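Subject: Structure handover

Hello,

Please find the structure below, with its sequence. My notes on it follow.

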Amino acid sequence: MNIINEEELRIKANNVRKDVVRMVGIARSGHLVSSLSIVDILSVLYWKVMKVSPQEPRMDSRDRFILSKGHGCPALYAVLAQRGFFSREELWNYRRLGAMLQGHPETPRTPGIDAPSGSLGMGLGVGNGMALYLKREQLPSRVFCLVGDGEVQEGSVWESAMTSSHFGLDNVVLIIDRNMRQSEGITSEIREVEPLEDKFRSFGWETTSVDGHDLKALTDVLDMLHGGRPLAVVARTVPGKGVSFMEKESEKELPHLSRSVIDKALRELNAREEKDGDA
Amino acid sequence: MAEQERNMRRAFGEALTEIAKEDSDAWFVDADSASSTGAASFRELFPERYCNVGVAEQELVMVATGLAQTGRRVFASCLSSFLVGRAYDQIRNLVCLSQLPVTLVGSHGGISVGPDGATHQMVEDISLMRSLPNMAVLVPSDYWSTRHLVRSSWERKAPSYIRLSRCDVPDIYTETDSDIIPGSGRMLAEGEGVTICACGIMVKEAVKAASILYQQDIAAEVIDCYSVNPLPVQVLLASARRTGCCVVVEEHSSRGGLGEAVASLICSNYPIPVKFVSLENEFGQSGTPEELMEYYGLTANQIVSSVMQAWTMRRR
């Protein structure tokens with residue numbers, strides 16, 4: 001799994017971005033901007049860092065991933081499909097009646113989804129439960145949890161942050177998608193969440209920050225050993241990353257997702273890969 | 001029926017410990033209340049499968065969910081008011097939506113909690129829990145029904161809510177009583193005059209009422225509806241057809257509890273008059289359990305008087 005090189009990973013991530021745009025375009029619904037900001041993080045996790053088995057998605061010895069910001073699931077679904085957990089054809093039914101791919105992740109409905117999410121602020125606590133079991137059984141699997149930066153406004157996140165450090169859950173890695181945006185606008189204007197690293201350190205965590213689109217740096221950080229304490233990684237990301245006219249927007253500021261806007265986004269993503277022969 | 005009074009919370013702790021001896025996948029998660037919920041013995045015997053998340057009910061349900069997602073069978077317990085009230089979102093979106101093998105045990109249900117007052121007297125829990133898809137709602141009436149229902153919720157491998165009372169209650173059942181499981185109900189007295197459905201600590205009041213009514217020539221059928229969801233449908237409807245009138249008794253708000261569940265079943269299948277003995281849409285307050293039960297009309301005498309009203313309207 002880890003033999004993929006950085007250039008190949010970059011192409012994978014771009015393919016994921018294209019599928020994300022197609023999914024949300026076909027569904028005419030879904031959170032495009034906040035899905036695009038986490039594509040590189042998920043690509044690094046699923047192609048470089050995590051031990052997973054698409055043929056045996058419930059394998060006991062797998063690493064776990066929880067997308068606590070469940071609304072970013074187009075990115076996760078696209079990664080899981082490209083990784084072989086289910087057919088890519090499922091992506092085009094995202095958000096449709098009866099679909100395997102619901103508007104927010106569900107278990108046991110979707111192979112590869114380790115925990116349900118959608119109501120914010122719950123992923124880390126669920127991850128704590130998984131990590132506690134793994135640790136008590138002395139199993140080497142890790143638990144990765146991705147939260148949005150606006151999501152840490154939920155008080156439950158801090159209940160969970162205390163649990164992780166109290167039980168010394170050094171098999172927990174929390175990634176904060178620091179895209180500076182939330183539903184209604186700019187996070188610092190709505191309810192400041194900084195200083196994030198200081199907050200987690202004071203809760204007994206190891207912390208670090210990383211460029212959330214630097215594949216090499218992400219790989220190094222997410223594979224980092226951090227004995228004794230849980231690790232919080234503040235990943236600095238760009239909302240809408242990869243589509244120039246969506247970057248730095250919040251969902252509310254996006255243009256209406258007309259067919260022409262989707263086509264324009266796909267043309268731009270295709271252009272990025274033309275030199276690699278992937279269109 | 002034995003006269004001994006025992007505590008349901010102790011029954012929970014004993015059942016839990018017994019299950020844990022058989023099943024190494026059984027875990028118990030606690031929100032700093034094991035001593036009040038009767039589960040302290042589990043903590044002593046199986047520390048490796050015990051976790052106290054502190055005063056954090058949302059985290060309680062989240063950690064229980066994570067454990068269940070690894071394949072464990074999890075019990076999580078704290079005071080009902082805070083478990084059901086504060087962690088409703090987690091119960092709904094994590095436990096029920098994923099149909100996880102998590103048994104939530106809410107202690108201190110109802111006003112019989114006593115002096116702690118309204119904040120600690122949960123009277124809306126049955127309503128909240130029975131509105132959730134996939135959730136079994138179980139309200140035992142004594143020590144042994146608690147033990148049997150804890151075990152059957154573990155065997156069920158699906159979301160369950162068990163409501164316990166704080167006070168001691170007289171024994172109704174024995175160790176060998178079988179079929180005290182979700183979806184069943186127990187006929188404690190047979191008769192053709194009126195159906196009295198009750199759950200929890202009100203079952204003993206319903207039995208008392210039946211003996212008073214017997215002296216007044218009304219033969220009451222008393223059904224222990226410990227399984228509020230799913231209801232014991234056949235038992236209830238057969239009884240309704242026999243008696244032609246019904247009184248439902250619960251230590252809970254009149255909104256959304258056993259009363260509305262039974263009334264809804266009856267009115268769509270065999271409409272007969274149904275009367276309710278429960279709290280109105282109101283909060284409790286401080287007092288001794290006995291004073292509060294009397295004040296809010298949760299007594300055998302109140303049941304008798306409601307039966308009289310229902311009986312005069314009975315379907316013949």
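I start with one strand pairing in chain B: strand β10(B) is joined by 4 bridges to strand β13 (residues 246-253) of the same chain, and the two run parallel. Within that pairing, Thr195(B) stands opposite Cys246(B) of β13(B). Please keep in mind throughout that this is a predicted model.

β10(B) also pairs with strand β11 (residues 220-224) of chain B, again in parallel, through 5 bridges. There the bridge partner of Ala198(B) is Asp224(B) in β11(B). The connection is a right-handed β-α-β unit made of β10(B), helix α9 (residues 202-215) of chain B and β11(B).

How many residues of β10(B) are buried? The count is 5 of the 5 in residues 194-198, so the strand is largely enclosed by the rest of the structure. In a regular strand, side chains alternate between the two faces of the sheet. In β10(B), Val194(B), Ile196(B) and Ala198(B) point one way, while Thr195(B) and Cys197(B) point the other way, and all are buried.

On the domains of chain B: the assignment gives domain 1 as residues 5-170 and domain 2 as residues 186-312. Their C-alpha centres lie 25 Å apart. Between them, 29 residues of domain 1 are in contact with 29 residues of domain 2. On the domain 1 side, the elements that give two or more residues are α7 (125-130), β6 (136-138), α8 (143-156) and β8 (168-170) of chain B. The residues on this side of domain 1 divide into 15 nonpolar, 11 polar and 3 charged.

Now chain A. The chain has 10 helices and 7 strands. Its C-alpha atoms fill a box of roughly 50 × 45 × 40 Å along the principal axes. For 279 residues, a compact globule would have a radius of gyration near 19 Å; chain A has 18 Å, which agrees. Of these 279 residues, 52% count as buried. Among the contacts in chain A with a separation of 6 or more, 74% are between residues 24 or more positions apart.

Next, the interface between the chains. Here 22 residues of chain A are in contact with 21 residues of chain B. On the chain A side, α5 (123-136) and α6 (155-166) each supply at least two residues. The largest share, 9 residues, comes from α5(A). By type, the chain A side divides into 8 nonpolar, 10 polar and 4 charged residues.

One residue that you may want to look at is Glu159(A), which lies in helix α6 of chain A. Is Glu159(A) buried or exposed? With 24 C-beta neighbours inside 10 Å, against a cut-off of 20 or more, Glu159(A) counts as buried. Leaving aside residues up to four places away in sequence, Glu159(A) touches Gly125(A) in its own chain, and Ala56(B), Gln58(B) and Glu59(B) across in chain B. The C-alpha atom of Glu159(A) is separated by 10.0 Å from that of Met122(A), which is 37 residues apart from Glu159(A) along the chain.

Regards

Methods. Residues are numbered from 1 along each chain as its sequence is written. Chains are lettered from A and ligands numbered from 1 in the order in which they are written. This is a predicted model: local features need pLDDT of at least 70, side-chain atom pairs count only at pLDDT 80 or more; totals for chains, interfaces and linings use all residues. Two residues are in contact if their C-beta atoms, placed from the backbone, lie within 7 Å. Ala, Val, Leu, Ile, Met, Phe, Trp, Tyr, Cys and Pro count as nonpolar, Asp, Glu, Lys and Arg as charged, and the others, Gly among them, as polar. A residue is buried if 20 or more other C-beta atoms lie within 10 Å of its own, exposed if 12 or fewer, and partly exposed in between; C-beta atoms are placed from the backbone. Two strands pair if DSSP finds at least two bridges between them. A crossover is right-handed if, with the strands pointing away from the viewer, the path from the first strand over the helix to the second runs clockwise. The radius of gyration is taken over C-alpha atoms; the globule rule is 2.2 Å times the number of residues to the power 0.38. Domain bounds come from an automatic or database domain assignment.
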